[in-house]
Amino acid sequence: MLRHAAHRLASRAAAGSISRRALATAPVPAEEGVDPAFVESWKKVTNIIEPPQTPMSAMKPRPPTPDSIPSKLTVNFVLPYKSEIANKEVDMIMVPATTGLMGVLPGHVSTIAELKPGVLSVHEGNDVTKYFVSSGFAFIHANSITDVVAIEAVPLDQIDASLVQKGLAEFTAKLGSASTDLEKAEAQIGVDVHSALNAALTG
């Protein structure tokens, strides 16, 4: 009985693995810039007024997912005040997700990852560009396009190690002397960010 159960479980796992691989490489059509369901619902109500413009109408449609996995990953890396990387083809990026450091290669399955303070690295052949990001999200699409949105980011080689050590010491002292929940929370955030900065510079 145990052998039969194990065989059935192994068969299901193999089938699931095959279906996941198929999903990762299956062609997906390009996304439309207008939501057809919304337009259809609008026309059922009135034919006199044109449907209002939605955010989707201002977006360029995503290219379709290719039949085969491309050799490069297209990356967009934006901050609230500027675009750091726009439509750049790279070999791989590493993002500091809250679940751990995550590598993104061409053909990665669709994923949304929340970022924590840490190092985002962009790999192009033998060249690696590193940024320290405070927080944000990585949107990994099935068509080998990845959009990274960060609240704040600084090239790692522009960070002053002495200021990081000073800040870590100051926030550690504030955490020890904090008397309210707000003071403790603010000090803990400072300790976490400066600890991540220190690990990025020394790691």
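Select residues 92–104 to begin with the hairpin, in which two residues join strand β3 to strand β4. This is a predicted model. Strand β3 covers residues 92–97 and strand β4 covers residues 100–104; they pair in the antiparallel sense over five bridges. To see one of these pairings, select Pro96 and then Leu101 in β4, which is its bridge partner.

Next, display the whole protein chain and colour it by secondary structure. Four helices and 10 strands will appear. Followed from the N terminus, the elements run α-α-β-β-β-β-β-β-β-β-β-β-α-α. Of the 203 residues in the chain, 29% are buried. Among contacts between residues at least 6 apart in sequence, 53% join residues at least 24 apart.

Now select Asn87, a residue of strand β2, which spans residues 82–90. Its backbone merits inspection: phi is near 50 degrees, a positive value in a residue other than glycine. As background, most residues other than glycine have a negative phi. Is Asn87 buried or exposed? Asn87 counts as exposed because its relative accessibility is 59%, and the cut-off for exposed is over 50%.

Move on to Ser144, in the loop between β8 (136–140) and β9 (145–150). Ser144 also is not a glycine, and it has a positive phi of about 65 degrees. With a relative accessible area of 3%, Ser144 is buried, because buried means under 20%. Which residues are in contact with Ser144, leaving aside its neighbours within four places in sequence? Select Pro70, Lys72, Leu73, Thr74, Pro106 and Gly107 to display these contacts of Ser144.

From there, select Ser68, which lies in the loop between α2 (36–45) and β1 (73–79). Ser68 has a relative accessibility of 53% and therefore counts as exposed. Add Asn143 to the selection and draw the distance between the two C-alpha atoms. Ser68 and Asn143 are 75 residues apart in sequence, and their C-alpha atoms are 9.8 Å apart in space.

Finish with the pair of helices α3 and α4. Two packed helices are described by the angle between their axes and the distance between the axes. Select residues 161–177 for α3 and residues 181–202 for α4: the two helices pack at an angle of about 150 degrees, with their axes 8 Å apart. Helix α3 is therefore roughly antiparallel to α4, the cut-off for that description being over 145 degrees. The crossing of α3 past α4 is left-handed.

To view the contact itself, show the side chains on both helices. On α3, the residues to select include Val164, Leu168, Phe171 and Leu175. On α4, the residues they meet as a group include Ala187, Val191, His194 and Leu201. What classes of residue make up the contact of α3 with α4? By class, the contact has nine nonpolar, eight polar and three charged residues. Among the residues of this contact are Lys174 in α3 and Glu186 in α4, and Gly167 in α3 and Gly190 in α4 also belong to it.

Note on methods: Residues are numbered from 1 along each chain as its sequence is written. This is a predicted model: local features need pLDDT of at least 70, side-chain atom pairs count only at pLDDT 80 or more; totals for chains, interfaces and linings use all residues. Side-chain values use heavy atoms; hydrogens and water are left out. Axes are lines fitted to C-alpha atoms, for helices over the stretch in contact, and angles run from 0 to 180 degrees between N-to-C directions. Angles under 35 degrees count as roughly parallel, over 145 as roughly antiparallel, 65 to 115 as roughly perpendicular and the rest as oblique. A crossing is left-handed if the near helix is turned anticlockwise from the far one by less than a right angle, and right-handed if clockwise. Contact means heavy atoms within 4.5 Å. Ala, Val, Leu, Ile, Met, Phe, Trp, Tyr, Cys and Pro count as nonpolar, Asp, Glu, Lys and Arg as charged, and the others, Gly among them, as polar. Buried means under 20% relative accessible area, exposed over 50%, partly exposed in between (1.4 Å probe, protein chains only). Two strands pair if DSSP finds at least two bridges between them.
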